[in-house]
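The report below works from the salt bridges of this chain outwards to its strands, its core and the confidence of the model. Please keep the sequence and the coordinates at hand while reading.

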Amino acid sequence: MITGNHGNVHHLQAAGQLISSSWDGEFFGENERRARRYKTNIPAVLSRKGCNPIDVVVLDVCSAGCRLGLTGPLSVGSSVKLLVGGAPQLSASVCWSHKEAAGLAFDPPPPLGVFEKLLDY
């Protein structure tokens, strides 16, 4: 997690637009965030065991997870792999899902360099 006045925080704030912690959190019942979220619009591919990969859009991202735009629900609790451009494949689990969006928790969280690369898209 990125905290304090670490030198990279200013870079991250310049690369991505900070999202209010209550915008999508209240809608999905998440009242508090553990990490700052940054608005994005990154095309990605989501892979699930036993299913064909699907195209998704990373709508926002933080060091702990992301929110995806997609065309159908995912199974909550399922393990997935997210491939975003040239970044290493990210492992995650589905925290919540409905027909047009889903929330993922990275497992493990991406290293700082990978997180910054996501914000540079």
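In this predicted model, the side chains of R67 and D60 meet in a salt bridge, with 2.8 Å from N to O, and both of these residues are buried. D60 takes part in another such contact, since its side chain also meets that of R37 in a salt bridge, here at 2.4 Å from N to O. The D60 and R37 pair links distant parts of the chain, with D60 in strand β3 and R37 in strand β2, 23 residues apart. The count of salt bridges comes to 2, and R37, D60 and R67 are linked by them in a network. Side chains of opposite charge can pair when their charged atoms come close.

| Salt bridge | Distance, N to O |
|---|---|
| R67 and D60 | 2.8 Å |
| D60 and R37 | 2.4 Å |

Are the partners in the D60 and R37 pair buried or exposed? D60 has a relative accessibility of 0% and therefore counts as buried, and R37, at 11%, counts as buried because the cut-off lies at 20%.

Another residue of strand β2 is T40, which is buried because its relative accessible area of 13% is under 20%. Leaving aside neighbours within four places in sequence, T40 is in contact with V58, L59, D60, V61 and L119, so that D60, which the salt bridges tie to R37 and R67, is also among the contacts of T40.

C66 can be described in the same manner. Leaving aside neighbours within four places in sequence, C66 is in contact with R37, V58, D60, V61, L82, A102, G103, L104 and F106, a list that includes two members of the salt-bridge network, R37 and D60. C66 also belongs to the largest nonpolar core, which has 25 residues, and is listed there with L46, V58, V61, L68, L82 and L104 as touching the most other members. At least two residues of this core are supplied by each of β2 (37-48), β3 (54-61), β4 (65-69), β5, β6, β7 and α3 (112-119). In soluble globular proteins, nonpolar side chains tend to be buried together.

How do the strands pair? Strand β5, residues 79-83, runs antiparallel to strand β6, residues 90-98, with 4 bridges between them, and within this pairing L82 stands opposite L90, while V80 stands opposite A92. The two strands form a hairpin with 6 residues between them, and in its turn G85 has a positive phi of about 50 degrees. β5 also pairs with β2, again in the antiparallel sense and over 4 bridges, and here K81 in β5 has S47 opposite.

The faces of β5 can be read alongside these pairings: V80 and L82 make up a covered face, whereas S79, K81 and L83 lie on an uncovered one. In a regular strand the side chains alternate between the two faces of the sheet. L82, on the covered face, is also one of the core residues that touch the most other members.

On the other side of the β5 hairpin in sequence, β6 is joined by 6 bridges to strand β7, residues 101-106, and these two strands run antiparallel. S97 stands opposite A102 in β7, and a hairpin joins β6 to β7 through 2 residues.

Taken over its whole length, the chain holds 3 helices and 7 strands, which follow the pattern α-β-α-β-β-β-β-β-β-α along the sequence. Of the 121 residues, 38% count as buried. Among contacts between residues at least 6 apart in sequence, 51% join residues at least 24 apart. The chain exposes about 7,000 Å², of which carbon and sulfur atoms supply 52%.

The confidence of the model remains to be considered. The mean pLDDT of the chain is 76, and 71% of its residues reach 70 or more. Over residues 1-32, however, the pLDDT is below 50, although this stretch has 48 contacts in the model beyond near neighbours in sequence. Where pLDDT is low, the predicted coordinates should not be read in detail.

Terms used:
Residues are numbered from 1 along each chain as its sequence is written. This is a predicted model: local features need pLDDT of at least 70, side-chain atom pairs count only at pLDDT 80 or more; totals for chains, interfaces and linings use all residues. Side-chain values use heavy atoms; hydrogens and water are left out. Two strands pair if DSSP finds at least two bridges between them. pLDDT is the predictor's confidence in each residue, from 0 to 100. Contact means heavy atoms within 4.5 Å. A nonpolar core is a set of buried Ala, Val, Leu, Ile, Met, Phe, Trp, Tyr and Cys residues joined through side-chain atoms within 4.5 Å. Buried means under 20% relative accessible area, exposed over 50%, partly exposed in between (1.4 Å probe, protein chains only). A salt bridge is a side-chain nitrogen of Lys or Arg within 4 Å of a carboxyl oxygen of Asp or Glu. Accessible areas come from the Shrake-Rupley method with a 1.4 Å probe; for residues, only the protein chains shown count as cover.
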